[in-house]
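Here is a briefing on the pockets, cores, ring pairs and backbone of one protein model. Keep the structure open while reading.

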Amino acid sequence: MPNPLSRGLFNLFFGSRRRAFASLPGPVPGILGNAGDFLGGEKPWNVCARYGREYGGVTLVWLGPKPALVLNDPTLIEQVLDSRRMEFEKGSLHEQLKPTTTEHSIFIANLNGDWATKRQQDPFVQSWSPRWLAAQVAPMQAVITEAVNALIASGKTVDLAPVLRRLTFDAFAVAGMGEKTPDSVYEDFMLLAKGADARLQSNLPLRFVSLPKGFEAARERFYRFFEERLGALRRSPKPEATDLMSWMLREMPGFDDKWLARHVALMFYGGVFSSSTTLVGAFHQVQKHPGAEARLVTEAATFAGGPPTLERLNDARWLEAVTLEALRILPAVRVFIRTPVKDVQFAGVTLPAGTTLMISNQHLHRDPTHWPNPDSFEPERWLDGGLARDPIGSGHFFPFGRGPRMCVATDFAMVFLRTAIATIAARARVQVASTEPFEEGFFFGVVLPTNVHAKFIAR
């Protein structure tokens with residue numbers, strides 16, 4: 001808590017502003033408001049979850065002289081992300097990510113701009129996308145198996161997060177364009193991500209944030225690679241190919257090649273970091289629960305012993321339960337930011353345009369009033385109607401967001417995660433050197449497990 005002098009100075013300069021929000025609970029601000037809670041050693045998502053436990057569904061905090069709300073209430077979150085969503089936007093995210101992504105990205109589009117048009121055109125929501133998705137289990141299984149076999153053969157203890165990130169990137173590449181990319185493409189991808197991360201995490205105006213050396217050249221190479229790949233497919237089509245690029249060329253003839261190529265390129269930024277983080281969390285948790293691991297291994301071996309189809313993947317109920325429980329207990333994205341586009345009545349007060357709203361899922365994913373044994377990894381909670389009780393995108397379970405703007409590739413992410421977990425578990429025991437807790441950082445808007453070292457041991 002700020003000392004009396006600091007509290008007094010805040011009231012002296014901003015007391016009248018504070019009175020307009022007197023109805024809302026929250027920590028006492030000092031001269032810098034409550035910014036110190038977010039700039040200290042505690043992770044922002046842990047701060048937001050703690051506020052939920054201490055102050056309830058809505059918490060007033062001050063970021064310097066500006067009010068902000070932390071939301072842990074399902075009803076208020078539903079309003080912001082769904083029923084009143086047109087009153088709120090993603091704030092500065094568009095400008096933060098613009099140098100790395102492109103204007104084709106639905107993720108940075110404004111709801112009050114061209115978001116609806118971009119969503120209608122997005123390949124993941126087309127009538128043919130379920131058929132494309134069903135065809136991705138086998139090719140993704142093959143490339144994941146290749147990566148796991150190499151990790152087993154190396155016999156080395158590895159840092160799990162970057163290893164699974166590259167595995168995820170390669171699986172996305174096979175789903176997106178039918179083959180893995182050269183190492184140089186992955187290196188450019190990571191350099192562009194580092195540029196975006198620097199802008200996302202900076203407390204300075206964006207004009208003062210420098211992009212990494214070689215950023216512009218990497219950006220040109222990265223997007224040109226996909227444009228050249230699509231151009232080659234255009235010249236020599238593959239009628240039976242099942243990758244996304246081939247499906248788009250067949251099914252979306254009205255769109256130009258640059259638009260099509262950019263959508264394939266952007267899928268990597270939409271899911272590689274979050275999906276690989278979820279894989280780290282899943283294997284970290286499973287190792288601590290031998291019974292859950294044994295059941296997973298048995299089911300994964302059964303799946304690996306037959307044709308890798310979506311139907312058989314959907315029949316693997318324990319695999320699905322493990323995936324859902326990993327998303328519940330260790331979601332990769334734990335804070336969603338929104339700001340009102342104009343002054344708005346919300347939570348009983350008038351919020352000025354641009355007020356920061358921090359939407360937290362970590363507390364709700366572990367709310368003891370909703371989840372029995374909320375801090376325990378218990379996949380069985382998802383069996384016998386668990387997913388019907390708490391579907392993805394509902395009040396106490398929204399790892400991909402909520403409402404119409406929930407991640408457009410949620411279905412693809414779930415197929416990839418289940419395919420990856422099953423394939424890895426069938427081939428190897430992921431022997432994690434560290435157990436509880438593992439360290440967490442932050443990269444590209446996603447929680448990043450750090451120093452989680454593991455060895456892949458053949459089963």
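The second largest pocket of this predicted model has a volume of about 460 Å³. Its lining counts 24 residues. The briefing then turns to cavities, nonpolar cores, aromatic pairs and a few loop residues.

**Second largest pocket**

- I329, L330, Q362, R366 and D375 are the lining residues that lie nearest the centre of the second largest pocket.
- Three helices each give at least two residues to the lining of this pocket: α3 (44–55), α13 (257–287) and α17 (362–365).
- α3 supplies the largest share of that lining, with three residues.
- The lining of the second largest pocket is mixed by class: nine charged, eight nonpolar and seven polar residues.

**Cavities**

- The whole structure holds five cavities of 30 Å³ or more.
- The largest cavity encloses about 70 Å³.
- Its lining consists of A161, R165, F273, S276, T277, V280, F443, V446, V447, L448 and P449.
- Two helices and a strand, α9 (160–177), α13 and β11 (446–450), each bring at least two residues to the lining of the largest cavity.
- Eight residues of that lining are nonpolar, two are polar and one is charged.
- The second largest cavity has a volume of about 50 Å³.
- F283, V286, Q287, E293, L296, V297, A425, V430 and R459 line the second largest cavity.
- α13 and α14 (290–304) are the elements that give two or more residues to this lining.
- The second largest cavity is lined by six nonpolar, two charged and one polar residues.

**Nonpolar cores**

- The largest nonpolar core has 133 residues.
- Within this core, I144, F189, F226, F412, F416 and F456 touch the most other members.
- α13 is the top contributor to the largest core, with 16 residues.
- What does F412 contact beyond its neighbours within four places in sequence? The partners are F124, W132, L133, M140, F172, A175 and M267.
- Another core, of eight residues, lies apart from the largest one, and its members include C48, V61, A68 and M358.

**Aromatic pairs**

- The model has 35 aromatic pairs.
- F10 and F14 form a tilted pair, because their ring centres are 5.2 Å apart and their planes stand at 55°.
- Both F10 and F14 sit in helix α1 (residues 4–19). They are four residues apart, about one turn of the helix.
- F10 is buried, at 0% relative accessibility.
- F14 is also buried, at 17% relative accessibility. The cut-off for buried is under 20%.
- W382 and F397 make another tilted pair, with ring centres 4.7 Å apart and planes at 45°.
- This pair links distant parts of the chain, 15 residues apart. W382 is in the loop between α17 and α18 (386–389), while F397 is in the loop between α18 and α19 (410–427).
- Are these two loop residues buried or exposed? W382 is buried, with a relative accessible area of 5%. F397 is buried too, with a relative accessible area of 0%.

**Positive phi outside glycine**

- Most residues other than glycine have a negative phi.
- A347 has a positive phi, near 55°.
- A347 lies in the loop between β6 (344–346) and β7 (349–351). At 25% relative accessibility, A347 is partly exposed.
- N373 also has a positive phi, of about 50°, and is not a glycine.
- N373 belongs to the loop between α17 and α18. With 48% relative accessibility, N373 counts as partly exposed.

**An exposed proline**

- Where is P239 found? P239 is in the loop between α11 (215–235) and α12 (244–251).
- P239 is exposed, because its relative accessibility is 60% and the cut-off for exposed is over 50%.
- The C-alpha atoms of P239 and R250 are 8.2 Å apart in space, and the two residues are 11 residues apart in sequence.

Note on methods:
Residues numbered from 1 in each chain as written. Predicted model: local features only at pLDDT ≥ 70, side-chain atom pairs only at ≥ 80, totals over all residues. Heavy atoms only, no water. 1 Å grid on protein atoms, 1.4 Å probe; cavity = no way out; pocket = protein on both sides within 12 Å on 5 of 7 lines; lining within 4 Å. Points joined across faces, edges and corners; volume = space filled by probe spheres on them. Nonpolar A, V, L, I, M, F, W, Y, C, P; charged D, E, K, R; others polar. Core = buried A, V, L, I, M, F, W, Y, C linked by side-chain atoms within 4.5 Å. Buried < 20%, exposed > 50% of the residue type's maximum accessible area, 1.4 Å probe, protein only. Contact = heavy atoms within 4.5 Å. Phe/Tyr/Trp six-rings, centres within 6.5 Å; stacked < 30°, edge-to-face > 60°.
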